[in-house]
Amino acid sequence: MTLPWTADLGDGTYRNPVLNADWSDPDVVRVGDDHYLTASSFGRAPGLPLLHSRDLVNWTLVGHALERLGPEAEFAVPRHDCGVWAPSLRHHAGRFWIFWGDPDHGIQQINAEDIRGPWSAPHLVKPGKGLIDACPLWDEETGEAYLVHAWAKSRSGIKNRLTGHRMSPDGRELLDEGTTLIDADTIPGWFTLEGPKLYRHDGYFWIFAPAGGVETGWQGAFRSRTFDGPYEHRVVLAQGSTEVNGPHQGAWVRTAAGEDWFLHFQSRGAYGRVVHLQPMRWDDGGWPVIGDEGEPVLTHRRPKAPEQAAEAPASSDDFPGGRYGRQWQWTANPRPGWTVGHGDDGLRLSCVRTAYAHDLRALPSVLVQRLPAEEFSVEVGITLDTDEPGAKAGLAILGDAFSWIGLEAGPHGTARLVHRYAESVAEHERDAEHPRPAPEASVRVRIDVTRGARCRFHADTGDGAGFRASGQVFAATPWRWVGALLGLFATAPAGDGPSGTAGFTAFRTTGGPRTT
């Protein structure tokens with residue numbers, strides 16, 4: 001089985017993106033020979049993914065730092081573009097620290113001695129609307145601590161500004177009312193300054209911060225001898241003559257070998273924000289030079305680091321013991337009973353009763369993961385065990401529009417294969433293909449995804465005909481800040497009493513477009 005994507009070319013070089021999926025707004029920290037990365041997780045649970053690498057090229061997902069989102073009542077339903085925005089990951093005083101901004105509630109912090117947890121309960125450091133992209137700094141020389149954050153105009157009416165605070169060394173409270181460190185309205189041509197990362201280097205306070213917007217922005221670097229400024233600035237990474245649009249917002253990391261590297265995202269529409277790795281050096285004036293003289297590279301030699309096998313975060317899943325892997329998240333805080341048992345026959349989901357089964361975007365009980373590559377195939381077996389007419393289960397491409405294929409229980413207890421979709425403006429799904437019988441209440445389905453996130457659906461009902469194409473090609477679409485997702489679900493109409501279950505087996509993702 002081939003991985004959907006690997007960045008390691010096996011000859012001492014790598015290709016970008018090193019993470020070819022929606023690991024949005026990445027931040028990275030090194031501890032010893034190990035590098036750890038976290039990213040935005042928005043309204044999905046668990047949140048705050050934690051990835052590990054020895055060489056910054058090959059990454060594995062080792063867990064999540066945030067089991068559930070709060071307030072609980074707000075995240076009992078999907079809030080796809082809310083929740084955890086642009087976290088910062090640091091290591092200080094023998095502990096890992098993550099700070100992030102929830103645009104509706106404020107800046108929060110959690111910490112743990114071990115990256116795999118247990119993590120502390122979220123602590124609200126600064127309440128308020130529109131407080132986003134928080135980053136701490138502990139000055140190891142002076143013992144002082146600082147915090148910088150950006151603003152979301154949609155909640156606060158403020159944007160293009162970075163605010164700084166002095167902070168207690170335990171990271172639990174701010175010691176002042178805050179001051180504007182950088183007002184980009186005073187910098188000609190700069191707009192949407194956000195995503196700051198705060199560092200100390202060579203006698204300066206450094207703020208690495210993007211501007212110009214998600215799709216087409218650039219990476220700025222600001223420096224000052226004092227935390228309060230004034231800060232001088234430069235553009236240190238931009239698209240230039242390359243095809244890498246908006247190469248910005250990410251993390252500077254220095255490896256154990258003393259090399260400097262910069263990880264940033266590139267917005268790719270339905271695929272979300274993929275992660276690139278750029279070489280970095282310092283020029284004679286002490287400014288960072290990222291990529292190839294300020295333009296992103298697509299291939300480069302690997303960082304000097306211990307040998308590591310070619311790896312990427314898992315996307316396939318055999319559901320051993322009936323449990324789903326770390327790559328899966330729910331579209332809201334999960335509730336007891338959504339999964340059933342822990343056998344050896346794959347994953348079993350309850351057919352959750354809901355009045356919103358006609359719109360997957362409104363369901364909290366969809367189990368989702370990121371699209372794992374630009375071109376790939378995904379395949380899964382589905383069974384439906386229910387006497388409830390209208391109960392259904394399927395494999396979905398879920399975004400601002402959605403499409404799914406799977407099984408539905410008919411009025412007389414017989415199952416049928418269905419394929420449905422809804423456009424972005426539609427409030428109710430409709431057929432993408434005429435339903436047809438699935439006598440065994442069992443089907444294997446497949447989605448082939450090609451460039452442009454164009455999705456072709458297939459199904460094999462076990463009638464000897466093999467996989468047959470279904471419906472028209474569906475173009476996946478993102479939400480505002482979140483890429484499209486792969487999803488598994490099982491629902492039943494609103495009501496009382498047992499509603500049945502659905503089984504999912506041998507979830508497989510493979511690289512490249514299928515030809516059959």
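Mentor: A strand is a DSSP run of E with at least two residues, and strands are numbered from the N terminus. Keep in mind that this is a predicted model.

Trainee: Which strand gives the most to the lining of the largest pocket?

Mentor: Start with the general idea. Rolling a probe the size of a water molecule over the atoms shows where empty space is left. Here, the largest pocket has a volume of about 760 Å³. Its lining takes in 22 residues, and L137, E140, Y199, R200 and W252 are the closest to the centre. Strand β14 gives the most to this lining, with 4 residues.

Trainee: Which strands each supply at least two residues of that lining?

Mentor: They are β2 (27–31), β6 (85–92), β10 (131–138), β14 and β18.

Trainee: Let me stay with β14. How many of its residues are buried?

Mentor: The cut-off for buried is under 20% relative accessible area. In β14, residues 197–201, 4 of the 5 residues are buried, and the strand is mostly covered.

Trainee: What does β14 pair with, and in which sense?

Mentor: Strands of a sheet pair through backbone hydrogen bonds, either parallel or antiparallel. In this case, β14 pairs with β15, residues 204–211, in the antiparallel sense over 5 bridges. For one point of register, take L198: its bridge partner in β15 is I207. The two strands form a hairpin, with 2 residues between them. Look at D202 in that turn, where phi is positive, about 55°.

Trainee: Now the open sheet of 4 strands. What is its order?

Mentor: The order is β18-β19-β20-β21, and the pairing is antiparallel. From one strand to the next, the twist averages 30°.

Trainee: Which strands stand at its edges?

Mentor: β18 (248–254) and β21 (288–290) do. Each has a single partner strand, so one side of each has no neighbour in the sheet. At the β21 end, 3 bridges join it to β20, residues 273–282, and the two run antiparallel. There W282 stands opposite P288.

Trainee: On to the rings. How many aromatic pairs are there?

Mentor: The structure holds 25. To sort them, check the angle between the planes: over 60 degrees counts as edge-to-face. F191 and W218 are edge-to-face, with 85° between the planes and 5.9 Å centre to centre.

Trainee: Which parts does that pair tie together?

Mentor: F191 lies in the loop between β13 (179–183) and β14, whereas W218 is in strand β16, residues 218–224. The pair therefore ties together parts that are 27 residues apart in sequence.

Trainee: Is F191 buried or partly exposed?

Mentor: F191 counts as partly exposed, because its relative accessibility is 41%. Its partner W218 is buried, at 15% relative accessible area.

Trainee: What about Y204 and W206?

Mentor: They form an edge-to-face pair too, 5.9 Å centre to centre, with 65° between the planes. Y204 is buried at 11% relative accessible area. W206 is buried at 0%.

Trainee: Which residues share one aromatic cluster with them?

Mentor: Y199, F208, W252, F262, W282 and W287 join Y204 and W206 in one cluster. Two of these names have come up before: Y199 and W252 are among the residues closest to the centre of the largest pocket.

Trainee: Where does a charge sit over a ring?

Mentor: The test is NZ of Lys or CZ of Arg within 6 Å of the ring centre and within 35 degrees of the ring normal. R225 lies over the face of Y204, 3.7 Å from the ring centre. The charged end of R273 sits over the ring of F265, at 4.9 Å from its centre.

Note on methods. Residues numbered from 1 in each chain as written. Predicted model: local features only at pLDDT ≥ 70, side-chain atom pairs only at ≥ 80, totals over all residues. Heavy atoms only, no water. Pairing = 2+ DSSP bridges. Axes fitted to C-alpha atoms, helices over the stretch in contact; angles between N-to-C directions. Buried < 20%, exposed > 50% of the residue type's maximum accessible area, 1.4 Å probe, protein only. Phe/Tyr/Trp six-rings, centres within 6.5 Å; stacked < 30°, edge-to-face > 60°. 1 Å grid on protein atoms, 1.4 Å probe; cavity = no way out; pocket = protein on both sides within 12 Å on 5 of 7 lines; lining within 4 Å. Points joined across faces, edges and corners; volume = space filled by probe spheres on them.
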